[in-house]
Amino acid sequence: MIILGFESSCDETGVAAVCTERGLLAHALHSQVAMHQEYGGVVPELASRDHIRRALPLTREVLDKAGLSLGDVDAVAYTAGPGLAGALLVGASVAQSLAWALEVPAVPVHHLEGHLLSPLLADPVPEFPFVALLVSGGHTQLMRVDGVGSYELLGETLDDAAGEAFDKTAKLLGLGYPGGPALSRLAQQGDASQYQLPRPMLRSQDLDFSFSGLKTAVLTKVRAQKTPLSDQQMADLAAATEEAIVDVLAGKALKAMKQTGLRRLVVAGGVGANRLLRERLVGTMEKRGGKVFFPPLELCTDNGAMIAHAAALRIKAGLERLEPTNHAFTVRPRWPLEDVCAKVGQA
Ligand SMILES: Nc1ncnc2c1ncn2[C@@H]1O[C@H](COP(=O)(O)OP(=O)(O)OP(=O)(O)O)[C@@H](O)[C@H]1O
Ligand SMILES: [Mg+2]
């Protein structure tokens, strides 16, 4: 079965074709980063308009790359939430219209389920059950995953997400948007030991996180300086920030492994592209006899492949009713993950 998937929840337009038997066939992505850069963050109206411009050219690109025609498509998946309402509506409208025209089912997908299952696009594929560390721009969660649609929330951030902590600190240091990759690059030239930053909630008994105090701590360090930060000091502060975030994420992930007794950890979401986090988790898991899995680097941030893939897995697990509908649809800018769980009471 061939599934065409659309992602448009924020500032990336992603389209992909996935085969339920053969996996990912092709994907194409357009990032709006350059367009939003001058505003220092995502402008929702501009995002929606750009999704409209990109959706069909990207679809053609994916079909060409995969050697498919529209007639080969058996279902159309799309991100139905959570995300920006206008941006979601574009992807949903395109997907539902295509499904209607092709007389195939449309499958609404939860964006976080897409991220959560994206490490299954990697080789080797992690087996269930595993602990998932979901670290994106808007979420920081630890989850126990027993199968497709079987997610139990173990802990989450009480305020800022890890990606937000990267982005806000980067903004404070004048590194632009999105800050995560820029801060991480700068950190490579820095010495983390030059600045002492807190490790919020690292020692708390639970598996929750808190990152909002970290940017305040960085701000305090900047303000304590009598002169503007030198390039080296900027790099040192970036390195200290990255180290603090990674310490907390790795520490809590390890605690979750101990609590659940599981040996497999998967990391998903944009911060999963962070080099230091990857190195730290690989090292820690090796020492403990566990194994860590990441999505392919290009599939850490938003993309269409994870959406088409999540739809494929849900279809294979019998969680989607592929019945003819009138293609009426809605999007869910706020949408708890528990709504897509197979068993009541999970997530
Ligand atoms: N190498 C990196 N190091 C640190 N952070 C990174 C890196 N690459 C990307 N990020 C961060 O990842 C985030 C974007 O990830 P992603 O696209 O998964 O989030 P999102 O889709 O905006 O949020 P959500 O999925 O929660 O709605 C940004 O905060 C970005 O700064
Ligand atoms: Mg995302």
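## Ground rules and the annotated domain

Helices (at least four residues) and strands (at least two) are taken here as DSSP runs, numbered from the N terminus. Please keep in mind as you look around that this is a predicted model.

UniProt, in an unreviewed entry, lists residues 24-308 as "domain: Gcp-like". Over that range the chain is 47% helix and 17% strand, and its end C-alpha atoms sit 8 Å apart.

## Two cis prolines and a positive phi

Let's start with the backbone. Most residues other than glycine have a negative phi, and most peptide bonds are trans. With that in mind, here are some spots to visit.

Pro82 belongs to the loop between strand E4 (75-81) and helix H3 (85-102), and the peptide bond that joins Gly81 to Pro82 is cis, with omega near -15°. At the other end of H3, the loop leading to strand E5 (106-110) holds Glu103; phi of Glu103 is positive, near 55°, although this residue is not a glycine. A second cis peptide bond runs from Asp123 to Pro124, with omega near 5°. Pro124 lies in the loop between helix H4 (111-117) and strand E6 (130-135).

## The annotated binding site

Helix H4 also deserves a look for another reason. The unreviewed UniProt entry places a "binding site" feature at His111, His115 and Asp302. These positions are spread over 192 residues of sequence, yet they cluster in space, with a largest C-alpha distance of 8.7 Å. His111 is part of helix H4.

## Helix H8 and its end

Next comes helix H8, which covers residues 231-260. Its 30 residues reach 43 Å from the first C-alpha to the last, close to the 44 Å expected at 1.5 Å a residue. Gly261 follows H8 and has a positive phi, near 75°.

## How H6 and H7 pack on H8

Two packed helices are described by the angle between their axes and the distance between the axes. Both values are given below for each pair.

The axes of H6 and H8 come within 7 Å and cross at roughly 115°. That angle makes H6 roughly perpendicular to H8, and H6 passes H8 in a left-handed crossing. On the H6 side the contact is made by Leu183, Ser184, Leu186 and Ala187, and on the H8 side by Met234, Ala235, Ala238, Ala239, Thr241 and Glu242. Sorted by class, these are 7 nonpolar, 2 polar and 1 charged residues.

Helix H7 (residues 212-224) meets H8 in another way: their axes come within 11 Å and cross at roughly 160°. H7 and H8 are therefore roughly antiparallel to each other, and the crossing is right-handed. Leu214, Val218 and Lys221 of H7 meet Leu237, Thr241 and Ala244 of H8. This contact divides into 4 nonpolar, 1 polar and 1 charged residues. Thr241 thus takes part in the contact with H6 and in the one with H7.

## H5 against H6

H6 has a further partner to explore. Helix H5 (residues 162-172) and helix H6 (residues 179-187) have axes that come within 8 Å and cross at roughly 70°. They are therefore roughly perpendicular to each other, and H5 passes H6 in a left-handed crossing.

From H5, the residues Gly163, Phe166, Asp167, Thr169, Ala170 and Lys171 meet Gly179, Gly180, Ala182 and Leu183 in H6. The residues of this contact divide into 4 nonpolar, 4 polar and 2 charged. Leu183 of H6 appears here and also in the contact with H8.

Technical notes
Residues are numbered from 1 along each chain as its sequence is written. Chains are lettered from A and ligands numbered from 1 in the order in which they are written. This is a predicted model: local features need pLDDT of at least 70, side-chain atom pairs count only at pLDDT 80 or more; totals for chains, interfaces and linings use all residues. UniProt positions are given in the numbering used here, feature names are shortened, and annotations may be inferred rather than shown by experiment. The expected span of a helix is 1.5 Å times one less than its number of residues. Axes are lines fitted to C-alpha atoms, for helices over the stretch in contact, and angles run from 0 to 180 degrees between N-to-C directions. Angles under 35 degrees count as roughly parallel, over 145 as roughly antiparallel, 65 to 115 as roughly perpendicular and the rest as oblique. A crossing is left-handed if the near helix is turned anticlockwise from the far one by less than a right angle, and right-handed if clockwise. Two residues are in contact if their C-beta atoms, placed from the backbone, lie within 7 Å. Ala, Val, Leu, Ile, Met, Phe, Trp, Tyr, Cys and Pro count as nonpolar, Asp, Glu, Lys and Arg as charged, and the others, Gly among them, as polar.
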